[in-house]
Amino acid sequence: MTEAEAEKEPAKTAPDLAALEQEGEIAADYVEGLLDIADIDGDIDMDVEGDRAVVSVVDIKGGDLVGPNGEVLEAIQELTRLAVHRQTGERSRLMLDIGGYRDRRRSELSELGTKIAADVKRNGEPKSLQPMTPFERKIVHDAVAAAGLRSESEGEEPRRFVVVLPV
């Protein structure tokens, strides 16, 4: 991109706290409506982490809203992002968690990334992991970087995966 093109492009700024809180409110209302329709009880918490709104359904009773490998959770998150976009006109990076699934998955993947990095350091051979969502890949990339190695994502969605590389 030339300097002239860069000047014409609008500056990308981080969303402000009020905008993220508004996203959270819209998302919480949408998820609460889904829970009511499905006749599922659960409490909703809202927060802002970094540059994204986070909505969590806690103390959930009844229904499997996570699904195998988080597939139902991912679908509900996308629907919720669309609901936010419809009201704000802005693309949302909202993160939805249900029943603590994402926190548990984050811990599992951090451990996996650390273990795989140690294996790669020991044997000097690259290691490919199974396909993961962008959320999951980022956690593994962060764990590998913390272990002093590098990693790359390869493949096409939805079969994109992490490769851990030796130094």
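Q: How much space lies in the second largest pocket?
A: About 280 Å³. A pocket here is an open set of points on a 1 Å grid over the protein atoms alone, with protein on both sides within 12 Å along at least five of seven lines. The volume is the space filled by probe spheres set on the points, which are joined across faces, edges and corners.

Q: Is this model predicted, and what are the ground rules?
A: The model is predicted, so local features need pLDDT (the predictor's confidence in each residue, from 0 to 100) of at least 70 and side-chain atom pairs 80 or more, while totals for chains, interfaces and linings use all residues. Residues are numbered from 1 along each chain as its sequence is written, and side-chain values use heavy atoms, with hydrogens and water left out.

Q: Which residues lie nearest the centre of that second pocket?
A: Asn 69, Glu 71, Pro 131, Thr 133 and Glu 136, out of 13 lining residues, meaning those with an atom within 4 Å of a point. Helices α3 and α4 each supply at least two residues of that lining; helices are DSSP runs of H or I with at least four residues, strands runs of E with at least two, numbered from the N terminus.

Q: And the largest pocket, what volume?
A: About 520 Å³. Its lining has 24 residues, with Arg 52, Met 95, Arg 102, Arg 106 and Phe 135 nearest the centre. β2, α3, β3, α4 and α5 each give two or more residues.

Q: How does its lining split by class?
A: Eight nonpolar, five polar and eleven charged. Ala, Val, Leu, Ile, Met, Phe, Trp, Tyr, Cys and Pro count as nonpolar, Asp, Glu, Lys and Arg as charged, and the others, Gly among them, as polar.

Q: How many cavities of 30 Å³ or more does a search find?
A: One, holding about 40 Å³; a cavity is where a 1.4 Å probe fits but cannot get out. Asn 69, Gly 70, Glu 74, Tyr 101, Arg 102, Thr 133, Phe 135 and Glu 136 line it. Two of these are nonpolar, three polar and three charged. α4 (101-123) and α5 (134-146) each contribute at least two.

Q: Where is confidence lowest?
A: In helix α1 (residues 3-8), at a mean pLDDT of 46, against 98 in strand β6 (residues 161-165), the highest. Over residues 1-11 the score stays under 50. The chain as a whole averages 91, and 90% of residues score at least 70.

Terms used:
Contact = heavy atoms within 4.5 Å.
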